[in-house]
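User: I'm new to this structure and would like a close look at a single part. Could you walk me through the salt bridges and what surrounds them?

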Amino acid sequence: MLEADFKYIIDTFFALFAMVLIIFMVPGFAMLEAGLVRTKNVTSVLTINVMIYAVASIAFLLIGYSLAFGSWENNSMSIWAAFMFQMAFVGKTINIMSGGVSERVRIFPLAIFAVIMGAFIYPTVVNVSWGADMIAGTFLDLDMYDLAGSTVIHSTGGWALLAAIMIMGSRKGRYVNGKIRVIPASNIPLVVLGAFLLWIGWFGFNGGSVGSISSVENANLVAKTIMNTNTAGLAGALIAGILMYVRYKLFDITMILNGALGGLVAVTAGPDLYDMYTPILIGAIGGALVVFAVPLFDKLELDDPVGALSVHLVNGIWGTLAVGIFVDSVSFMAQLKGVVVVAVFAFSVSFVVIFLINKIIKFRAEDDAQVEGMDVNECGVEAYPEFKRAI
């Protein structure tokens with residue numbers, strides 16, 4: 001067997017293996033969100049996660065991949081493996097939205113938006129950052145370093161979520177006379193399971209983005225990338241737990257897990273570039289940002305049941321800028337420009353698209369439907385019929 005053939009086979013297998021790990025994030029998001037919402041909305045949340053994976057992936061197959069990368073050619077591995085790896089990413093962008101709009105979003109209009117995100121919005125962001133670069137040589141041409149998508153994936157999804165929340169408004173009864181009404185999670189074990197599935201999936205998310213493992217140098221780089229990814233998650237969890245205990249004398253497992261996820265988002269832009277210690281600082285700052293951002297968004301009455309804005313949007317921005325701060329070879333201004341350009345594009349286009357869809361098919365369920373539960377009104381199947389509570 002020729003050496004070139006061996007490398008082709010190994011890198012093809014590596015891309016497919018990483019893709020499988022990333023797909024594990026689909027049940028990760030689903031379990032995390034199902035645990036954080038009330039029992040009367042669990043089936044709806046699960047259905048949305050399944051539909052997002054199906055709808056966004058088909059849209060990316062038919063339109064999005066070609067828009068993002070210009071062609072289906074690939075000489076280093078099977079083009080089918082390269083496509084599957086990239087396809088695994090697209091649903092994550094909308095998964096970021098699904099939890100943040102849960103307990104009041106209707107499935108059909110969100111599915112329509114998923115088509116547009118998978119076919120046009122997300123691929124355009126990929127095009128100007130990782131892909132064919134249809135605006136090369138213009139002011140909007142990005143020179144941002146973003147290995148696995150702190151901005152390209154996480155911030156893009158976060159900006160779309162912010163647009164959706166602004167248009168939809170909050171859940172019925174979440175904010176009453178300027179006060180925040182606490183709505184507790186329904187199933188903490190599911191939250192823990194979902195968070196750890198996401199954490200494991202991140203090893204394929206970031207490690208697979210190195211692109212090759214078929215040489216000693218690349219194998220070491222993949223291993224370092226995965227180690228740094230894990231380190232940032234550990235640091236995020238620890239600092240979130242410490243801050244919650246200092247402030248409230250309690251260990252809030254949901255905040256600890258969101259701190260870990262915040263650290264993972266933050267390191268995603270450059271885990272291949274850092275030494276083994278820098279991710280501790282990046283992840284710790286990421287976890288701290290989650291702890292402070294969650295109550296801030298509540299004060300602004302931006303109702304986000306799972307903390308997705310704090311985890312993905314805030315830390316997507318932080319993680320991208322961190323590469324410019326901690327890596328000498330990367331321009332901070334290039335990172336800042338990338339953050340700003342993606343923010344303006346993703347938020348404005350998402351806002352317009354959701355606004356127009358909302359004019360035809362309302363995104364937000366009526367108050368009575370929310371009281372009864374989205375499971376009954378959107379799916380006809382209740383996850384926990386014996387435990388249903390109208391709260």
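Analyst:
**A close look at Glu103**

Glu103 is buried, since its relative accessible area is just 3%, and buried here means under 20%. Keep in mind that this is a predicted model. The side chain of Glu103 meets that of Arg38 in a salt bridge, at 3.0 Å from N to O. Glu103 sits in the loop between α4 and α5, while Arg38 sits in the loop between α2 and α3, so the pair ties together parts that are 65 residues apart in sequence. Arg38 counts as buried too, at 6% relative accessibility.

Now over to another pair. Arg171 and Asp303 join their side chains in a salt bridge of 2.8 Å, N to O. This one also links distant parts of the chain: Arg171 is in the loop between α6 and β1, Asp303 is in the loop between α10 and α11, and they are 132 residues apart. Arg171 is buried at 4%, and Asp303 is buried at 0%.

Then there's Asp367, whose salt bridge with Arg364 has its closest N and O atoms 3.1 Å apart. Here Asp367 is partly exposed, with a relative accessible area of 33%, and Arg364 is partly exposed at 23%. As for the bigger picture, shared partners join Arg38, Glu103, Arg171, Arg174, Asp298 and Asp303 into one salt-bridge network. The whole structure has eight salt bridges.

One neighbour brings several of these names together: Gln370, found in helix α13. Setting aside residues within four places in sequence, Gln370 has contacts that include Glu103, Arg171 and Arg364. Gln370 is buried as well, at 4% relative accessibility.

Technical notes:
Residues are numbered from 1 along each chain as its sequence is written. This is a predicted model: local features need pLDDT of at least 70, side-chain atom pairs count only at pLDDT 80 or more; totals for chains, interfaces and linings use all residues. Side-chain values use heavy atoms; hydrogens and water are left out. Helices (H or I, at least four residues) and strands (E, at least two) are DSSP runs, numbered from the N terminus. Buried means under 20% relative accessible area, exposed over 50%, partly exposed in between (1.4 Å probe, protein chains only). Contact means heavy atoms within 4.5 Å. A salt bridge is a side-chain nitrogen of Lys or Arg within 4 Å of a carboxyl oxygen of Asp or Glu.
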